[in-house]
Amino acid sequence: NTSKSCAAHKVYPYLLGEMAITRANQAWATDITYIRLQKSWVYLVAVMDWHSRYVVSWRISDNMEVGFCLEALESALETGRKPDVFNTDQGSQFTSNAFVGLLQAAGILVSMDGKGSYRDNIFVERLWRSVKYEEVYLHEYTSLDEAVSHISAYFAFYNHQRPHQALGHKTPAEVYFALAEAA
C-alpha cells in the first residue's frame, strides 16, 4: 500500500477532470510504486508530464518517507520548467506540508486524485505497467544500486527511444521538448 493518507494533512480537489491537456508543462503528475529486490523492496517515484508522457525526474528509496519524493520534485523543478497543475494521489508524502509547500512556493496549482480513483492518474499508472513489464519483471535485482542502474537505463530508453502510439509514434522526449520549446 503506497498511498496511505494522513488525516491531519489537507486534501486538495482534483483539477484535471474536465481540463484538456494540450501542451507540455500544463500538467505534471507523480506517484509511487514498489520494486521487488531479491530480499526486500524499494520504492520508485516519478514525475511525469501528462501531455508528452515524458518522465521529468524520478528517485528510488528503501523507505516511504517523503524525502525521495521531495528530491524528485526538486529535480524536476531544477530543469527550469514547471507545470501549471501538479497532480498526485492522497498519500501522506504528497499531502505533507513540505511537498505541498514546495509546489505552492513555485506557483503551481495542487490537484489530488479522488480516494481510490486510479483513473485520475492513469498516465502514471500506465508508466508503472510499462516499467514493470518491460524492465523490472525481466530482472531480479539484488540491491538498491542495481535497481537504480537498470531503471535509469530504462527511463533513458523510455524517454528517448521508445515511440508511443498515442504520441503519433514519437518518443516522449520528442513531444515534450518540441512543445515545451514552442510554448
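The following exercises, with worked solutions, concern a predicted model.

**Exercise 1. Salt bridges**

Determine how many salt bridges the model contains, and state which residues form them.

*Solution.*
Step 1. The criterion is a side-chain nitrogen of Lys or Arg within 4 Å of a carboxyl oxygen of Asp or Glu.
Step 2. Aspartate 84 and arginine 23 satisfy it, with an N to O distance of 2.2 Å.
Step 3. Glutamate 71 and arginine 59 also form a salt bridge, their closest N and O atoms being 3.7 Å apart.
Step 4. Arginine 162 and glutamate 134 meet in a salt bridge at 2.7 Å, N to O.
Step 5. The count by this rule is three salt bridges.

**Exercise 2. Location of the paired residues**

For each salt bridge, state where the two residues lie and how many residues apart they are in sequence.

*Solution.*
Step 1. Consider the salt bridge between aspartate 84 and arginine 23. Aspartate 84 belongs to the loop between helix 1 and strand 4, whereas arginine 23 belongs to the segment before strand 1; the pair therefore ties together parts 61 residues apart in sequence.
Step 2. Consider next the salt bridge of glutamate 71 with arginine 59. This pair links helix 1, which holds glutamate 71, to strand 3, which holds arginine 59, and the two are twelve residues apart.
Step 3. Consider finally the salt bridge of arginine 162 with glutamate 134. Here arginine 162 is in the loop between helix 5 (144-160) and helix 6 (172-182), glutamate 134 is in helix 4 (residues 122-134), and 28 residues separate them.

**Exercise 3. Buried or partly exposed?**

Classify arginine 162 and glutamate 134 as buried or partly exposed.

*Solution.*
Step 1. A residue is buried under 20% relative accessible area and exposed over 50%, with partly exposed in between.
Step 2. Arginine 162 has a relative accessible area of 18%, so this residue is buried.
Step 3. Glutamate 134 has a relative accessibility of 30% and is therefore partly exposed.

**Exercise 4. The buried residues of helix 1**

Identify which residues of helix 1 are buried, and name the elements against which they pack.

*Solution.*
Step 1. Helix 1 covers residues 67-77, and its buried residues are Phe68, Cys69, Leu70, Ala72, Leu73, Ser75 and Ala76.
Step 2. These buried residues pack against strand 1 (27-36), strand 2 (41-49), strand 3 (55-61) and strand 4, and also against helix 2 and helix 3 (97-105).

**Exercise 5. Glutamine 90**

Describe where glutamine 90 is found and whether it counts as buried or exposed.

*Solution.*
Step 1. Glutamine 90 is in the loop between strand 4 (85-88) and helix 2 (92-95).
Step 2. Its relative accessibility is 16%, so glutamine 90 counts as buried.
Step 3. Glutamine 90 and lysine 10 are 80 residues apart along the chain, and their C-alpha atoms are separated by 9.1 Å.

Notes. Residues are numbered from 1 along each chain as its sequence is written. This is a predicted model: local features need pLDDT of at least 70, side-chain atom pairs count only at pLDDT 80 or more; totals for chains, interfaces and linings use all residues. Side-chain values use heavy atoms; hydrogens and water are left out. Helices (H or I, at least four residues) and strands (E, at least two) are DSSP runs, numbered from the N terminus. Buried means under 20% relative accessible area, exposed over 50%, partly exposed in between (1.4 Å probe, protein chains only). Contact means heavy atoms within 4.5 Å.
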